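Work through the two exercises below with the model on screen. Try each task before reading its solution.

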Amino acid sequence: MKKPKVVVLGAGYGGIMTTIHLQKQLGVNEAEITLINKNDYHYETTWLHEVSAGTLHHDRARVSVTDLINKNKVTFMKDTVTDINIEQKKVILKNNQEIEYDYLVIALGYESETFGIKGLKEHAFSISNINTARQIREHLDYTFATYNNLEEKPEGMMTIIVGGAGFTGIEFVAEIANRVPKLCKEFDIPRDTVRIICVEAAPTALPGFDPQLIEYAVTQLERKGVEFKIGTMIKECTPEGIIVSKDDQTEEIKSKTVVWAAGVRGSHIIEKTGIENNRCRVKVGPDLRAPGAEGVFIVGDCSLVINDETDKPYPPTAQVAMQQGPVAAKNITTLIKGGTDLQTFKPDLKGTVCSLGHDDAIGVVFGRKLFGTSASAMKKVVDNRALFLEGGPGLLLKKGKFNFF
């Protein structure tokens, strides 16, 4: 009897958790499981702000895919997905190879969303993967190392602009604020030479957070020299910096370092499938299946799950993706074994913690507001829990964060 083919696209939080649970639930003779990812490693997306700022080495934030999977049950392919043919049930890869599937899990992650702002793609950095994070860190190091060697200092050379004061923007700007004094000391640059500016179009930083937590975060970062431009739109990004507007007033801010951290969308591959989507995110059914696509499950940043209580989508966070993986795996296993009673996905949100550096944070956990070192310790607990779920105690001991205070 032909074994059903299960193909998982992407080794991010959703994809790797789906694969881990599939290999636990299905025997070698029950299914062929294939995991396809463009890199041979899984990385902790929620740690990229640290890698980008240079406060964490990139190797700490990634782990080999083959260290997470059972190679006797799962075939790993390092390749890039270029298309998905839903009608023929085939995945097309960059090397032109076609992979057939009976069950498909799309977990291709996110891409930066520029909202059509002119020049962002060409002139701004983005915190989107390990390589872009390394690029930002190396650019910062080079900029500081070069500054004192120049007779004429370009205007804005030591101005660092972060576009977006949401979760990623705040976490990144906090890491930058912590590292800049060390870079200044290392390269003999006066601290007041460096400007750190965070630009946010919304009327507040960290939209959706508790006002008391927002005030704490902004105050802490301003003490470290961060300038906030709230309610300010970036109109254009140029090789010389950015052009912003507020209250019909336009201003040019010179900078050689613009980092865009203000929006994401799902993978562009979603648009090629013909499945109805919004910014490459698909409104999946309660069992995480894509509408009108037999045997296709979507998890992580490419999925859209509506909260029935608020009638709004759950945020595409790592916490949600990691909970989707086991549900997708359980439902695929049920179908393979001839069952019809599929599990409904309902996220169990424990709370949210936003880092303000290695020793500071804000958050709401189990309905309780946390500030400072207690929130920072909780952030590390959250990070360590993810490692444990992915790779057990071995990965936790190898990569975990244990400097709680």
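Two exercises follow, one on a helix and one on a sheet.

This is a predicted model, in which local features need pLDDT of at least 70, side-chain atom pairs count only at pLDDT 80 or more, and totals for chains, interfaces and linings use all residues. Residues are numbered from 1 along each chain as its sequence is written, and side-chain values use heavy atoms, with hydrogens and water left out.

**Exercise 1.** Check the span of helix H6 (residues 211-223), then find which of its residues are buried.

*Solution.*
Step 1. Helices are DSSP runs of H or I, at least four residues, numbered from the N terminus.
Step 2. The expected span is 1.5 Å times one less than the number of residues. For the 13 residues of H6 that gives 18 Å, and the end C-alpha atoms are 18 Å apart, so the two agree.
Step 3. Buried means under 20% relative accessible area, exposed over 50% (1.4 Å probe, protein chains only). Leu-213, Ile-214, Ala-217, Val-218, Gln-220 and Leu-221 are the buried residues of H6.
Step 4. These residues cover an arc of only 160° around the axis (taken from the directions to the C-beta atoms), so they sit on the same side of H6. Pro-211, Glu-215 and Arg-223 are exposed on the other side.

**Exercise 2.** In what order do the three strands of the open sheet E6, E7 and E8 lie, and which are the edge strands?

*Solution.*
Step 1. Strands are DSSP runs of E, at least two residues; two strands pair if DSSP finds at least two bridges between them.
Step 2. The order is E6-E7-E8, with antiparallel pairing.
Step 3. E6 (81-85) and E8 (98-100) are the edge strands, as each pairs on one side only.
Step 4. Four bridges join E6 to E7 (residues 90-93). Ile-84 has Val-91 in E7 as its bridge partner.
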